[in-house]
Every structure is written in C-alpha cells, then in structure tokens.
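Visitor: Hi, I'd like a quick tour of this one. Can you walk me through what's on the screen?

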Protein chains: 2
Amino acid sequence: MSAYRPLTAASLIDYLASHIPLKERLGGNAADWTAREVSDGNLNTVFIVSGPAGSLCCKQSLPYVRVDPTWAMPLERTLFEARWMQSVSAAVGHQIPALYHLDEGLFLIVMENLDTHHVLRGALIQGTAPAGFGARIGEFVGHAAWATSWRALPFEDVHALRDIFSRNLALTRITVDLVLTDPYRRDCQRNRWISPEMDDPVAELQDDIALHAAVERLQERFLSVDQALLHGDLHTGSVMISGDDVRVIDGEFAVFGPIGFDLGMFIANLVMNAYAQPDHDEWMRDEIALLWSSFQHAYQEREENTDTRGDVGSLRAKKAEGRAGSSPWAAERSRFMHQVMHDLAGFAGLEMIRRTIGFAQIADYDAAGDRPSQIEARRRALATGRRLILKAGRIDTVASLLDHV
Amino acid sequence: MSAYRPLTAASLIDYLASHIPLKERLGGNAADWTAREVSDGNLNTVFIVSGPAGSLCCKQSLPYVRVDPTWAMPLERTLFEARWMQSVSAAVGHQIPALYHLDEGLFLIVMENLDTHHVLRGALIQGTAPAGFGARIGEFVGHAAWATSWRALPFEDVHALRDIFSRNLALTRITVDLVLTDPYRRDCQRNRWISPEMDDPVAELQDDIALHAAVERLQERFLSVDQALLHGDLHTGSVMISGDDVRVIDGEFAVFGPIGFDLGMFIANLVMNAYAQPDHDEWMRDEIALLWSSFQHAYQEREENTDTRGDVGSLRAKKAEGRAGSSPWAAERSRFMHQVMHDLAGFAGLEMIRRTIGFAQIADYDAAGDRPSQIEARRRALATGRRLILKAGRIDTVASLLDHV
Ligand SMILES: Nc1ncnc2c1ncn2[C@@H]1O[C@H](COP(=O)(O)OP(=O)(O)O)[C@@H](O)[C@H]1O
Ligand SMILES: Nc1ncnc2c1ncn2[C@@H]1O[C@H](COP(=O)(O)OP(=O)(O)O)[C@@H](O)[C@H]1O
C-alpha cells in the first residue's frame with residue numbers, strides 16, 4: 001500500500017515496474033512500456049499500459065470529480081469498485097474484467113485491459129453494436145442479483161456484505177440527489193435543458209405533485225428495499241462489448257437495493273438511444289425483450305439448480321417443487337418477477353428524466369441531428385419517463401413495458 | 001468496563017457500591033441495600049436492587065439461554081438492548097425505562113426500576129390491565145419508527161444506524177428460525193403441541209405449500225425491507241404497565257425491518273389472550289383498533305410537524321401539501337399505511353402460529369382452563385394465523401383485520 005498521489009503516465013509505469021506480478025503481465029522492462037490515458041467517464045482517471053507480453057487497465061480515483069474539479073469527492077470510490085468486483089466475480093465469471101491488483105493507499109485498481117472492446121454507448125450511437133448484448137446483460141444482472149440475495153445466502157452473510165456497501169456514502173448520495181431528487185426541483189442549479197423549447201415540459205414535470213408522490217415511492221424503494229447487491233450505475237457507458245463478449249465495468253456505485261434498479265437504468269438508456277436515433281427502434285425493443293427473458297431465466301436457473309443456504313426460500317423442497325409450473329412456488333415466483341418489473345419500469349422512468357434534464361446527460365442526443373430532432377427525442381424521453389413512473393405499479397410484463405415506451 | 005463474570009446478588013451490590021452515580025441513586029451504603037432476582041424472561045438475569053434513596057434494575061446477559069443452559073448465546077445481546085434504548089429514547093421519551101449505566105465488559109445494563117409496574121402479559125391474564133394501553137403502544141411504534149426511518153433522517157444516518165443493528169446476528173437468527181421458519185417444518189425438534197389432539201391441524205399446516213409460499217414472502221419482507229428500527233420482540237411480555245404509564249422493555253432483538261412486524265407481533269399476543277380467555281374478546285378488539293389509530297396518528301403527526309432532513313419525502317412542501325386531505329400525498333400516505341397493515345397482518349399470523357406450536361409458547365393458554373378449552377384456544381390461533389398469513393395482502397384496514405380474527 002502506498003501513500004496517495006495522483007499518478008501520471010510516468011509515475012504509473014514506475015509503480016507497475018516495482019510490482020513483480022504486474023511487471024510480468026506486461027513483460028520486458030519499464031522502458032518497453034507505454035501508458036496512455038483513456039478517461040472518458042465523469043469521475044476517475046484511467047490509463048492503459050502496454051508492454052511486450054500484455055497490457056493492463058489502471059483506474060485511479062481523484063479527490064474530486066474529474067469533469068468538475070470544484071466538486072470534491074472521497075477517494076475511496078475505487079475501493080468500492082474493487083469490492084464490487086470481488087463480491088460478484090464468482091457469480092458472473094468473465095462478464096466483468098479480471099481484477100489483478102488493488103492498492104488501497106493509491107486508490108488504484110489494476111485490471112484486465114479491454115481496449116479491443118468498445119464502450120456500448122458509443123457502439124450504439126455508431127450503429128456498430130452487434131445484436132444480442134441484451135441477453136448478456138440480463139444474465140449478468142440475474143446471476144449477480146441471485147448470488148448476493150437472501151435467497152442464496154444466510155442472512156448473516158448478506159448483512160456482512162450489505163454493511164460493506166452501506167458505507168459507499170458519497171456515490172449513493174450522488175444517486176439519491178441526481179437520479180431520485182434534483183430533476184423534480186424547480187430551484188436546482190444542477191439541472192439544465194434546451195431553453196426556451198423545453199421550458200414548458202420541464203415546468204410541468206416540476207409542478208406535477210402526482211409524479212412527485214410516485215417518485216417518493218421509488219426513493220423509498222431504492223433506499224429501504226435491499227434485495228441484492230446492485231451495480232448501481234448500469235448505463236450503456238458501463239458496458240464494454242466485443243462481438244458476443246459483453247463486460248460490465250465501473251461498479252463504484254455498488255450498494256444494496258431493488259433488483260429492478262439496475263435493469264431499469266440499463267433499459268432506459270436503450271430507449272433514449274432509440275429516441276435519438278429512431279431507426280434503432282426495432283432492435284431496441286428486441287434487446288429489451290431479450291434482456292428481460294434472459295434475466296428471468298438466469299435468476300430462475302440459479303434458484304432451481306443451486307443448493308442454497310438462503311433463509312428466504314428455506315421452506316422449499318427445491319428440486320421437487322420449484323419446477324412444478326402450477327405450484328404456489330410458481331405463483332410466488334411470478335409475483336416476485338412482477339415486482340421486479342414494477343421497479344424496473346419506475347427506475348427506467350427516473351433514469352430517462354435525469355439523463356434528459358439533470359446534471360449528467362448522455363451523448364446519444366447529439367446523434368439526433370438538428371435541434372428540432374434533438375428536442376423531439378428529449379421531449380419523448382421526458383414524456384415516457386413520466387408515464388413509466390406514474391404507471392410503474394401496473395406494468396407487470398415486458399410486453400406492457402414496451403407498450404409504454 | 002469490567003471483565004465478564006455472571007453476577008450474583010452479592011457481587012452486583014459490590015459493583016454498584018464502586019460506581020458513585022449508581023451508589024448515589026440507591027443512597028446510603030452497600031450494607032443498606034437488598035438485591036433480588038426477578039428474571040422471568042427466557043434469556044437473561046435481572047436483579048432489582050433497593051436502597052434508602054431509590055432502586056435500580058440490573059440486567060445481565062448469560063453466555064447461554066437462561067431457560068436452556070445447553071443453548072449457547074453470545075453475551076453482546078445487552079449491548080444491542082442498550083443501543084436500542086439510546087437510539088429511540090429521544091423519540092419515545094418516557095415510554096422506555098431510563099438507561100443509567102452500561103458496562104460493555106460485564107454485558108450489564110443498569111436502568112430505571114419499574115417494579116411498581118406489572119408485566120402486561122400477566123396483567124392481561126389476571127384481567128387487571130387498565131384499558132387504553134393499546135394507544136400508548138401504537139404511539140410508541142409510530143414515534144420510534146418515524147424517528148429511525150428514511151423519512152426523518154438522511155440516508156447516511158440511517159445506514160450508520162442500520163449497520164449497528166445489522167450485527168445483532170444471534171438474536172436475529174432466533175427470529176428467523178423460531179418465528180419465520182421452524183413451525184412450518186415437519187422435522188423440527190423445537191416444535192411442540194398438545195398431542196394427539198392437535199396432530200392433525202399441525203400436520204395440515206406443515207403440508208400447506210400455499211401457506212409456505214406466503215411465509216416465504218414474509219421472510220423476504222422481514223429480511224430485506226428496512227423501513228425503520230424495530231423493537232423486534234414486542235409481545236405483551238415486553239411491556240410493563242402501571243395505570244396509564246406504559247413502558248416498553250427488552251429491546252435486545254432490535255434490527256431494521258418492516259414497521260408492521262412490531263405492530264403485528266403485539267396484536268397477535270392480544271388476540272391469543274382473548275382466545276384463551278374469551279370474555280376478553282371485546283376489549284381485545286377495542287385495544288387493537290385504538291393501537292392502530294394511535295400508530296397512524298403518531299406517525300403522521302411527526303411527518304407533518306417535524307422539519308425533517310429525510311431523503312424520502314424530500315420533494316414534499318411539507319407544511320403546505322402534507323395536510324391537504326385529497327392531495328397525491330394523502331393518497332401516498334394511505335398506500336403506505338395499507339402496506340404497513342399488510343405486513344402487520346402477515347407477521348401477526350406468524351406470531352400466532354409460533355407461539356402455539358413453536359419453541360417459545362405463552363402463559364396465556366394455561367389460563368384457558370381445562371384441556372379442551374386450551375386446545376380450542378390453540379386451534380383458533382392456528383386457524384387465524386394461517387388465514388392472516390394467506391390473506392395479508394388483501395387486509396388494508398383495521399376493520400378488515402378484525403373481521404379475520
Ligand atoms: N478494463 C478496461 N479496459 C479498457 N478500458 C477501460 C476499462 N475500464 C474502463 N475503461 C475505459 O475508461 C473509461 C472510463 O472508465 P469508467 O470505469 O467508466 O470510469 P468512471 O468511473 O470515471 O466513469 C471507460 O469508458 C473506458 O473507455
Ligand atoms: N426496568 C425494569 N424494572 C423492573 N423490572 C424489570 C425491568 N426490566 C425487566 N424487568 C423484569 O425482568 C423480567 C425479565 O426482563 P426481560 O427484559 O423481559 O428479560 P429477557 O431478555 O430475559 O426476556 C421482566 O419480565 C420483568 O419482570
């Protein structure tokens with residue numbers, strides 16, 4: 001463990017040279033290595049270091065938000081990212097980059113380099129994302145959620161895991177403020193939108209008390225329903241893709257919460273992409289349907305085939321009864337999945353609104369073309385977001401979800 | 001802080017004599033004091049020590065369950081009881097005994113002596129409980145639940161509080177096993193019932209998969225829904241009463257969970273008392289109705305009149321809109337209260353079943369008179385418990401709850 005200092009390409013190379021297992025992955029000597037910065041997220045510095053034998057991706061926290069240095073931010077966020085990787089890796093296998101090294105003093109993660117992959121958001125905008133990634137994301141959420149839940153683990157283990165991520169206060173505060181609160185506040189300086197064209201829809205949304213009451217319900221679900229360990233920021237910029245190899249990165253927002261949060265956030269980003277690029281509409285719907293069926297399948301498959309030690313579900317004679325299609329267990333599972341879908345719909349609505357008028361907006365809108373098209377895409381996102389939040393409790397199935405988008 | 005040893009009357013007196021503030025509460029000198037053991041709970045040793053100026057109640061953990069020394073149990077349970085008292089005392093005032101002293105080495109609590117009060121369960125059995133205590137208990141739960149919730153506190157504070165009680169593993173394990181699991185298991189040695197008369201209803205209950213699926217839903221709600229800090233064991237033996245002075249004791253099971261858990265457990269104990277002593281039926285119904293309306297009133301009054309810093313509810317212009325009877329906020333509150341009632345009904349059902357065939361049964365049944373009357377009372381409790389668990393999701397109001405008991 002080393003004392004904290006923000007690393008440069010040169011000091012990072014020195015650091016790697018002094019750590020034998022990392023040095024061996026790169027091969028040769030420091031003089032043979034190159035480091036280049038690839039940071040394009042909002043918060044942290046990322047370098048790719050390459051050597052004769054291999055390459056590494058190195059991510060370090062800064063004491064502030066990378067894109068806004070006046071906004072101080074605790075360094076420990078990389079520790080939570082590393083703990084998230086450690087907590088889900090057995091369940092999700094190669095769907096996240098391998099973690100090679102964590103330096104808790106430098107707040108530095110060294111992980112598998114995925115620079116032959118593309119960030120999904122960019123691939124979507126360019127129209128180069130291969131079809132079928134939705135299945136991998138659904139599987140990823142199903143496996144991670146199952147493995148960290150009260151159904152897979154005795155509550156003592158869940159409490160211990162939950163306590164670790166309970167301390168992820170700075171990033172959870174960002175979610176609570178930016179996703180769950182700010183966009184609905186008239187007086188919030190962090191909001192921004194295309195004015196004057198969008199002034200009216202924004203004012204309407206900020207005056208809509210019925211909407212705020214429904215948002216309050218989602219605030220409460222996000223904070224008080226601890227179904228499983230969430231990724232916490234699963235948008236299309238947190239996914240890297242190469243053919244059918246789909247990886248989830250950037251778990252620094254990890255916290256316990258309702259499973260529908262991750263699914264809804266991801267789906268919202270697909271919908272917004274298709275609003276910005278209307279010719280994406282059909283594949284967007286296909287990917288969403290695929291994602292939902294893969295999620296259900298992955299979760300259920302674990303539930304039926306794992307000998308669990310979970311407290312929830314301890315009354316099931318699993319192998320025998322879990323499969324019988326018409327048993328009360330099947331009814332119970334479908335109730336559970338409907339609840340996940342309600343959450344998914346509500347959180348998708350929140351994500352669409354905050355990405356359209358909140359602090360952290362998305363590049364997809366720029367792909368919409370001229371100003372009227374951009375406004376049209378954003379207006380649709382606001383309208384759909386609002387509808388999803390208000391109707392979440394009545395959206396049970398993916399077909400019904402797709403009817404609303 | 002002292003090294004652990006189980007205290008006797010004599011060694012407790014020596015201990016108190018060496019702690020000036022406690023010595024002063026008793027007055028005079030150790031030679032003037034008397035100590036008598038009053039333990040009648042299942043787990044711990046309790047002494048009342050009296051002196052010329054006053055008296056003290058001293059509660060110490062044993063390394064095992066007091067009524068079953070073969071059952072080892074970590075000592076730290078008194079620490080959780082003390083932390084519970086500290087966490088709710090500002091919100092509930094004199095509804096709990098004052099905490100004078102905690103010795104974390106001896107696992108010893110010294111608190112206000114309530115020996116002029118009576119344990120409510122005994123008073124109910126003897127028919128000496130003054131009417132109206134239900135209002136005090138409803139108020140107590142409303143105030144404690146409000147003050148420890150996401151509506152009153154920013155999530156950072158709730159996480160910190162929740163983490164403390166997340167470590168209350170040994171006693172939460174008892175709840176998960178004895179309340180939420182064991183009674184539904186055919187092979188559980190800790191269950192017991194009057195045989196052969198009750199063999200059939202017990203077998204039915206243990207074979208009822210629809211019931212088990214509904215129990216699973218309650219397991220999940222207890223473990224994963226963290227609305228507020230619960231007392232965790234709020235039965236009629238955890239309440240001491242003297243006229244209209246009603247105190248809640250014995251918070252060692254404290255953990256975050258759904259608010260309806262405490263309310264349901266308490267109400268179940270009132271219902272079982274009335275099944276054992278059918279002439280109590282009318283007042284039992286009155287006390288339950290009172291309890292529910294007082295709970296709602298207490299919770300709502302805090303919500304409307306406290307300037308909160310909570311994240312949930314942050315979008316409300318509280319004073320202005322909170323009160324308008326027909327606003328979306330009123331609709332949202334009634335949805336919230338219906339959900340509390342669903343939980344209340346379900347957990348009341350679990351409590352009735354576990355107190356009738358599980359490990360820790362209740363003295364009220366002995367008051368039923370002859371064997372047939374005892375069996376009749378117990379059969380009613382099983383039938384009502386089962387009905388409440390199965391129908392919980394459709395029980396919205398206290399009137400509907402009372403129709404089912
Ligand atoms: N394992 C990796 N391999 C290659 N590039 C990566 C890897 N992880 C992140 N990146 C690149 O760095 C960028 C920022 O990473 P990210 O984890 O999203 O940072 P932030 O926390 O700042 O949002 C990503 O968009 C991607 O381009
Ligand atoms: N503050 C108190 N003042 C007087 N008596 C008390 C007090 N607290 C507990 N007791 C007595 O001790 C008994 C056991 O206490 P309790 O807290 O219920 O213990 P346990 O944790 O073993 O269930 C109570 O039933 C009551 O008779």
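Guide: One term before we start. Helices here are DSSP runs of H or I with at least four residues, strands are runs of E with at least two, and both are numbered from the N terminus. Also, keep in mind that this is a predicted model.

Visitor: Got it. So where is Pro196(B)?

Guide: Pro196(B) sits in a loop of chain B, between helix H7 (169–179) and helix H8 (199–207). The peptide bond leading into Pro196(B) from Ser195(B) is cis, with omega near 5°.

Visitor: And what about the bond from Ser195(A) to Pro196(A), cis or trans?

Guide: The bond from Ser195(A) to Pro196(A) is cis, with omega near 5°. Pro196(A) is in the loop that runs between helix H7 (169–179) and helix H8 (199–207) of chain A.

Visitor: Why point those out?

Guide: Because most peptide bonds are trans.

Visitor: Is the phi of Phe107(A) positive or negative?

Guide: Phe107(A) has a positive phi of about 55°, and Phe107(A) is not a glycine. Look for Phe107(A) in the loop between strand E6 (99–103) and E7 of chain A. As a rule, most residues other than glycine have a negative phi.

Visitor: New topic. Which residues come nearest to ligand 1?

Guide: Asp40(A), Asn44(A), Lys59(A), Leu114(A) and Glu252(A), out of 20 residues around ligand 1.

Visitor: How many Å lie between polar side-chain atoms of those and an oxygen of the ligand? Start with Lys59(A).

Guide: A polar side-chain atom of Lys59(A) is 2.6 Å from an oxygen atom of ligand 1. For Asn44(A), a polar side-chain atom lies 2.7 Å from an oxygen atom of ligand 1. Glu252(A) also places a polar side-chain atom 2.7 Å from an oxygen atom of ligand 1.

Visitor: What share of ligand 1 does the protein bury?

Guide: The protein buries 93% of the 550 Å² that ligand 1 exposes when taken alone. Strands E2 (45–50), E3 (55–60) and E7 (108–112) of chain A are the elements that give two or more residues to the shell.

Visitor: What kinds of residue make up that shell?

Guide: By class, 10 are nonpolar, 4 polar and 6 charged. Domain 1 (9–112) and domain 2 (118–404) of chain A each contribute at least three residues to the shell.

Visitor: Now ligand 2. What comes nearest there?

Guide: Asp40(B), Asn44(B), Lys59(B), Leu114(B) and Glu252(B), from 20 residues around ligand 2. A polar side-chain atom of Lys59(B) lies 2.7 Å from an oxygen atom of ligand 2. The backbone takes part in close pairs with ligand 2 as well. A backbone N or O atom of Leu43(B) is 3.1 Å from an oxygen atom of ligand 2. A polar backbone atom of Glu112(B) is 2.9 Å from a nitrogen atom of ligand 2. The protein covers 94% of the 550 Å² of accessible area that ligand 2 has on its own.

Visitor: Which side chains meet Arg217(A) in a salt bridge?

Guide: Glu332(B) meets Arg217(A) in a salt bridge, at 2.7 Å from N to O. Glu332(B) is in helix H13 (residues 328–357) of chain B and Arg217(A) in helix H9 (residues 209–224) of chain A, so this pair joins two chains.

Visitor: How many salt bridges are there over all chains?

Guide: The count is 71 over all chains.

Visitor: Last one. What does UniProt place at residues 35–279 of chain A?

Guide: An unreviewed UniProt entry gives the feature "domain: Aminoglycoside phosphotransferase" for residues 35–279 of chain A. That span is 42% helix and 20% strand, and its end C-alpha atoms lie 39 Å apart.

Key:
Residues are numbered from 1 along each chain as its sequence is written. Chains are lettered from A and ligands numbered from 1 in the order in which they are written. This is a predicted model: local features need pLDDT of at least 70, side-chain atom pairs count only at pLDDT 80 or more; totals for chains, interfaces and linings use all residues. Side-chain values use heavy atoms; hydrogens and water are left out. A residue is near a molecule or strand if one of its heavy atoms lies within 4 Å of it. A polar contact is a pair of N or O atoms within 3.5 Å; within protein, one must be able to donate a hydrogen and the other to accept it, and residues adjacent in sequence count only if both atoms are side-chain atoms. Accessible areas come from the Shrake-Rupley method with a 1.4 Å probe; for residues, only the protein chains shown count as cover. Ala, Val, Leu, Ile, Met, Phe, Trp, Tyr, Cys and Pro count as nonpolar, Asp, Glu, Lys and Arg as charged, and the others, Gly among them, as polar. Domain bounds come from an automatic or database domain assignment. UniProt positions are given in the numbering used here, feature names are shortened, and annotations may be inferred rather than shown by experiment. A salt bridge is a side-chain nitrogen of Lys or Arg within 4 Å of a carboxyl oxygen of Asp or Glu.
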